[in-house]
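Please follow this explanation with the model open alongside the text. The account moves from individual charged pairs to the arrangement of strands and helices.

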Amino acid sequence: MAADVKTRLQELFRQWSGEPAEGIFPVSADGSIRRYFRITGRERTVIGAFNPDRKENRAFLNLSAHFRRHGLPVPEIYASDPDRHIYLQQDLGDVTLFSLVSTRGREEGFSDRLIGLYRQALETLARFQIVGGRGLDYSVCYPRACLDRQSMRWDLNYFKYHFLKLVDIPFEEQALEDDFDTLIEFLMDTDTSHFLYRDFQSRNLMWFQERLYGIDYQGGRKGALQYDVASLLLDGKADLSWSLRNQLLDHYLGVAGNLTSLQPEVFLRFYRPYALLRLMQALGAYGYRGLHQGKSHFVASIPYGLRTLEGLLAQGSLPVRLPELSKVWRRMIRYEPLYRKEEKREPGLTVHVKSFSYKQGLPRDRTGHGGGFVFDCRILPNPGRIAAYAPLTGRDREVGRFLEEDREVQRFLSQAGTLVNQAVSHHLGRNFSDLTVAFGCTGGRHRSVFCAERLAAHLRSRKDLRVDLHHRELEFLP
C-alpha cells in the first residue's frame with residue numbers, strides 16, 4: 001500500500017510540475033489515517049498528502065481555497081486527485097510553534113519572543129474565526145456543519161468511553177448522562193455563528209518565513225469562539241503558566257473585539273465550560289491513541305491534561321451545575337499522582353498490587369508490560385453481607401479478623417503467594433521492571449482489599465523489590 005501511495009503522489013507531482021520527483025520521504029503526522037510525504041524535484045519541494053476519507057479531503061480543499069481568498073495564512077494547494085485521495089500542498093517546513101516552545105532553554109522560560117508568537121497566534125485565530133467565517137459554505141464541513149448538540153455528545157462520549165473507562169474512573173452512568181445534557185444545553189446558549197477551527201493548537205501552527213501558518217483545519221465547522229482559544233491556551237505540553245494564559249486571553253478579547261461585536265463578560269461566562277469540553281475531548285483522544293493504541297506520546301500527555309483540569313477547577317465555581325461531572329473531575333485529579341508515580345519508574349522490580357471491583361471491570365496495566373496475575377476473591381466468604389462489616393473495608397481490624405480466621409482465606413492467600421513468589425524470582429532473574437498482581441471482588445472494598453494488603457505486607461519484607469499498593473475503589477469513596 002505504501003508503495004502504491006508513493007507512486008500516485010509521484011505521478012501527480014510530475015503532472016503538476018512537469019518534472020519527475022527525485023525523492024519522496026514520509027513526514028511524521030498525528031494519530032489519524034492521513035499520511036504525508038515530502039516530495040522533492042530539481043527545483044521545488046512540496047508536501048504530498050494521502051487520505052482515504054474523501055469527504056474529509058473535500059472539506060480541507062474547500063476550506064483551504066476559501067481561506068486563501070480571504071488572505072489567511074494556510075498552505076497553497078497545488079494539485080489534487082479526489083478519485084485517488086491525494087493532493088499536493090505547499091511545504092511549510094518542519095518548525096511548529098510547539099517545537100519552538102519545547103526547545104526553549106530552562107532559564108529562558110517564556111521569552112518576549114515566544115509570548116509575541118502566542119499573541120500572533122491569537123491574532124491569526126481571531127481572523128480565521130471571524131474573517132474566515134464570513135461567506136463560508138459550511139455545507140462542505142465534515143463530519144458536521146457546526147459544533148452542535150450531536151458533535152458535543154460525540155466528544156463527551158469519546159471522553160467517557162476512551163478515557164474514563166480506560167483509566168478506571170468510576171461514575172454513575174445516568175447521572176453522568178444527565179450532566180452531559182445540562183452542559184450541552186448551556187454551551188448552546190451563546191453565539192455559535194463563527195468559524196471553529198476545532199484543533200487550533202501549537203502543533204498545528206507552522207513557523208514559516210517569519211509567519212505562523214495554520215494546518216489541519218479539515219475538522220473545522222461553525223461554532224463558538226471560546227473553544228479554539230481554549231485549544232491553544234490550555235495545550236498541556238506547551239506548559240503555559242496560568243498568569244500568562246490570562247494575559248493572552250485578555251489580548252485575544254481585544255483583538256476579537258475589533259473584528260466583531262463581543263461582550264467580554266459574556267465570553268468569559270462561557271469560556272471555562274467550553275475549555276472543559278475541549279479538555280475532555282483531548283483526554284478522550286489521549287486515552288484512545290495512547291492507552292488503547294499504545295502510542296506513548298499520547299500517554300505522556302495525560303498528566304498534563306489532568307493538571308490543566310485541576311487549574312481550571314481551581315478558578316472557582318462554574319456557571320452551570322454539574323454534580324456528577326464534578327465528582328468525576330475530582331476523582332481524575334486524585335488519579336493524576338498515581339499515574340505520575342507509575343510513569344516515572346526507578347530501575348529494579350516494582351510489584352503493583354491492586355484491589356478492584358469486578359463491577360467496574362479489570363484494572364488497566366499502565367506500565368505497558370502486561371502479564372501478572374488476577375485473583376478472584378469472590379470465592380471467599382463475603383464480610384460485606386454482614387451488617388456490622390458492610391460500612392467497613394478490608395483495611396479495618398474487624399474485617400481482617402473475620403477473614404483471617406477462615407481456612408479458605410488462608411489457603412487462598414498461601415497459594416496466591418506461592419505463585420507470586422515464583423514470578424518475582426523469575427522477573428528479578430530477567431531484570432524485568434514490573435509485575436502486576438490484582439485482587440478482585442464484588443464491591444472492591446472488603447475481600448480484595450484485605451488480600452492485597454496481606455500480599456503487599458509480605459512482599460515489603462523483601463529488600464530486593466518495591467511494592468506499589470493501589471485500592472482502586474477506595475480511592476473514590478466519598
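**Salt bridges and a parallel sheet**

With a relative accessibility of 15%, Arg-8 counts as buried. The model in which this residue is seen is a predicted one. The side chain of Arg-8 meets that of Asp-4 in a salt bridge, with an N to O distance of 2.8 Å. Both residues belong to helix α1 (residues 2-17), and because they are four residues apart there, about one helical turn separates them. Asp-4 has a relative accessibility of 36% and counts as partly exposed.

This pair is one part of a wider set, for the structure holds 24 salt bridges. Another joins Asp-81 to Arg-84, whose closest N and O atoms lie 2.9 Å apart. Asp-81 is buried, at a relative accessible area of 19%, which falls under the 20% cut-off for that class. Arg-84 is partly exposed, at 22%.

A further salt bridge connects the side chains of Asp-155 and Arg-198 at 2.8 Å, N to O. Here the partners come from distant parts of the chain, 43 residues apart: Asp-155 is in helix α5 (residues 149-164), while Arg-198 is in the loop between β6 (194-196) and β7 (205-208). Asp-155 is buried, with a relative accessible area of 6%, and Arg-198 is buried as well, with 13%. Elsewhere, salt bridges with shared partners join Arg-153, Lys-160, Glu-173, Glu-177 and Asp-181 into one network.

The description now turns to the strands. An open sheet is formed by four strands, paired in parallel and ordered β11-β12-β10-β13. The edges are occupied by β11 (373-376) and β13 (466-471); each has a single partner strand, so one side of each is left without a neighbour in the sheet. On average, neighbouring strands of this sheet are turned by 15° against each other, direction ignored.

Within the sheet, β10 (residues 350-357) and β12 (residues 434-441) pair in the parallel sense over eight bridges. His-352 has Thr-436 in β12 as its bridge partner.

Which strands does helix α14 touch as it packs on the sheet? Helix α14 (residues 407-429) touches β10, β11 and β12, and its direction makes about 180° with that of β11. Helix α15 (residues 447-460) lies across β10, β12 and β13, and runs at about 170° to β13. Strands β10 and β12 thus appear in the description of each helix, with α14 touching both and α15 lying across both.

Methods:
Residues numbered from 1 in each chain as written. Predicted model: local features only at pLDDT ≥ 70, side-chain atom pairs only at ≥ 80, totals over all residues. Heavy atoms only, no water. Pairing = 2+ DSSP bridges. Helix = DSSP H or I, 4+ residues; strand = E, 2+ residues; numbered from the N terminus. Axes fitted to C-alpha atoms, helices over the stretch in contact; angles between N-to-C directions. Contact = heavy atoms within 4.5 Å. Salt bridge = Lys/Arg side-chain N within 4 Å of Asp/Glu carboxyl O. Buried < 20%, exposed > 50% of the residue type's maximum accessible area, 1.4 Å probe, protein only.
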